Amino acid sequence: MSVRFVRAAWARGLGPSCCRGASSFPVPPPDAQGVAELLRDATRAEEEAPSAATERRMPGQYSVLLFPGQGSQVVGMGRGLLSYPRVRELYAAAHRVLGYDLLELSLHGPQEDLDRTVHCQPAIFVASLAAVEKLNHLQPSVIENCVAAAGFSVGEFAALVFAGAMEFSEGLYAVKIRAEAMQEASDAVPSGMLSVLGQPQSKFNLACLEAREHCKSLGIENPVCEVSNYLFPDCRVISGHLEGTEAESGECLEMVEAELDPESHSGICAAETSSFPQALQFLRKNSSKYHFRRSRMLPVSGAFHTRLMEPAVEPLAQVLKAIDVKKPLVSVYSNVHGHKYMRPTHIQKLLAQQVVSPVKWEQTMHAIYKRKKGSEFPKTFEVGPGQQLGAILKSCNLQAWKSYSPVDVLQTLEHVDPDPEESPR
């Protein structure tokens, strides 16, 4: 993939001057300067000197961008991005699309409002693409040499906008509808999520099956208990019905930091003082039978990525049908099967299916970083709030993680790559 094509992908995804006339979605302010305009001179120079654009690069010179999902939100995110070109325009455009001041909510909270599914999904989407703006300003070669992108859950939308598959305003509008529909589904059927750190001999599927049978024996019809996230080897998130409790917080990525550093996340089990979902309570009581080393209830608002989210599929599918989705100009990997998208129609279909399908993030990491022994790994950047995806990458592929860096969205200081040997937090 040439420098020119990758820059064009980023330009087409965010450039308001490139909005398609047939689109019925809100568009960014007409006076906002597009990335296409900002990079026009550089693109022209590359066309005049094609040898520079097609110069062969070593694997270690390529880059991969990872976009975080729900659960990474924190009050203050975006503060470290506002001094970079076009970030304020992105938030102004978001205000028009969403109908409320997302920047104010992201900067000042309150946290309980930011944590709501309906708010945190758009907030993470915009903050992640704003982080790309920062990265493009500080290290343009990273954008030039990007060969792949992946996003966890809602992060997949940001990855596709970055790759030029859809415009910023269209992607944000789809995220808005998705978040509202998932919030409504969560409110309609109380449900929960249980993070489980297992062992090679752990029997996750058998555990879910027997938990469902246990619920049926109690008279519960059509119980839900299934794996909703594949995070890293021997680590899963299992979701199911919740009875008698209601929790509001982030999505399953919260558990990664807790598993790696449980002492610093003693509050993550706050929901444990309330009653448990029948199926998940059964799993906790029988954890030794299934060789679970540790399990934690997550303070989330619903059983995301299970069939309990089915009411959210159709509203999202209708929006996606109205979007003129393009083929990504860099490889983007789907949460549904862990492989890269091949056609625009696959994007529309799988983004809707993703809401009720488990996130196959571990499989995605293996697909992106698979290479011959001794080969260099690309540089990896987590663009968005938090460093949870870096923590997962470390557990999936330690060698690839050594070339990982987060893009800070909180500090106003210039970005400094962290020590790769330091554990992400």
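Where in the model does His-305 lie? His-305 is found in the loop between β6 and α15 (313-321). The model shown in these views is predicted.

**View 1. His-305 in the loop that follows β6 and leads to α15.**
His-305 is not a glycine, yet its phi is positive, at about 65°. Its relative accessibility is 0%, so His-305 counts as buried. Most residues other than glycine have a negative phi, and most peptide bonds are trans.

**View 2. Ser-153 in the loop between β2 and α10 (155-162).**
Ser-153 also has a positive phi, about 55°, without being a glycine. Is Ser-153 buried or exposed? Ser-153 counts as buried because its relative accessibility is 1%, under the 20% limit for that class.

**View 3. The cis peptide bond between Gly-109 and Pro-110.**
The omega angle of this bond is about 10°. Pro-110 belongs to the loop between α6 (102-108) and α7 (111-115).

**View 4. Strand β2 (residues 146-151) and its pairing with β1 and β7.**
Strand β2 is largely enclosed by the rest of the structure, because five of its six residues are buried. Strand β1 (residues 63-67) pairs with β2 in the parallel sense, over five bridges. In this pairing Leu-65 stands opposite Ala-149 of β2. The pairing of β2 with strand β7 (residues 331-333) is parallel and has three bridges. Here Ala-148 stands opposite Ser-331 of β7.

**View 5. The open sheet of five strands with the order β6-β3-β5-β4-β8.**
Pairing in this sheet is mixed. The edge strands, β6 (294-298) and β8 (359-360), each pair on one side only. Strands β4 (residues 225-232) and β5 (residues 235-241) are joined by six bridges in the antiparallel sense. Which residue of β5 is the bridge partner of Asn-229? The partner in β5 is Val-237. Helix α12 packs on the sheet and touches β3 (191-197), β4 and β5. The direction of α12 makes about 155° with that of β4. Helix α17 (residues 361-369) also packs on the sheet, where it touches β4, β5 and β8. For α17, the angle with the direction of β4 is about 30°.

**View 6. Edge strand β6 and its pairing with β3.**
Four of the five residues of β6 are buried, and the strand is mostly covered. β3 and β6 pair in the antiparallel sense over five bridges. Leu-197 stands opposite Arg-294 of β6. In a regular strand the side chains alternate between the two faces of the sheet.

**View 7. The crossing of helix α12 (residues 204-217) with helix α14 (residues 278-285).**
The two axes come within 9 Å and cross at roughly 125°. At that angle α12 is oblique to α14, and the crossing is right-handed. On the α12 side the contact includes Ala-207, Cys-208, Glu-210, Ala-211, His-214 and Cys-215. These meet Gln-278, Ala-279, Phe-282 and Leu-283 of α14. By class, the residues of the contact are seven nonpolar, two polar and one charged. An α-helix has 3.6 residues a turn, so residues three or four places apart point the same way.

**View 8. Packing of helix α11 (residues 168-188) with α15.**
The axes of α11 and α15 lie 9 Å apart, at an angle of about 170°. This makes α11 roughly antiparallel to α15, because angles over 145 degrees are classed that way. Tyr-173, Ala-174, Ile-177, Arg-178 and Ala-181 form the α11 side of the contact. The α15 side is formed by Pro-315, Leu-316, Val-319 and Leu-320. How do the residues of this contact divide into nonpolar, polar and charged? Eight are nonpolar, none is polar and one is charged.

**View 9. Helix α18 (residues 388-396) and its surroundings.**
Seven of the nine residues of α18 are buried, so this helix is largely enclosed by the rest of the structure. The buried residues of α18 are Gln-388, Leu-389, Gly-390, Ala-391, Ile-392, Leu-393 and Cys-396.

Methods. Residues are numbered from 1 along each chain as its sequence is written. This is a predicted model: local features need pLDDT of at least 70, side-chain atom pairs count only at pLDDT 80 or more; totals for chains, interfaces and linings use all residues. Side-chain values use heavy atoms; hydrogens and water are left out. Axes are lines fitted to C-alpha atoms, for helices over the stretch in contact, and angles run from 0 to 180 degrees between N-to-C directions. Helices (H or I, at least four residues) and strands (E, at least two) are DSSP runs, numbered from the N terminus. Angles under 35 degrees count as roughly parallel, over 145 as roughly antiparallel, 65 to 115 as roughly perpendicular and the rest as oblique. A crossing is left-handed if the near helix is turned anticlockwise from the far one by less than a right angle, and right-handed if clockwise. Contact means heavy atoms within 4.5 Å. Ala, Val, Leu, Ile, Met, Phe, Trp, Tyr, Cys and Pro count as nonpolar, Asp, Glu, Lys and Arg as charged, and the others, Gly among them, as polar. Two strands pair if DSSP finds at least two bridges between them. Buried means under 20% relative accessible area, exposed over 50%, partly exposed in between (1.4 Å probe, protein chains only).
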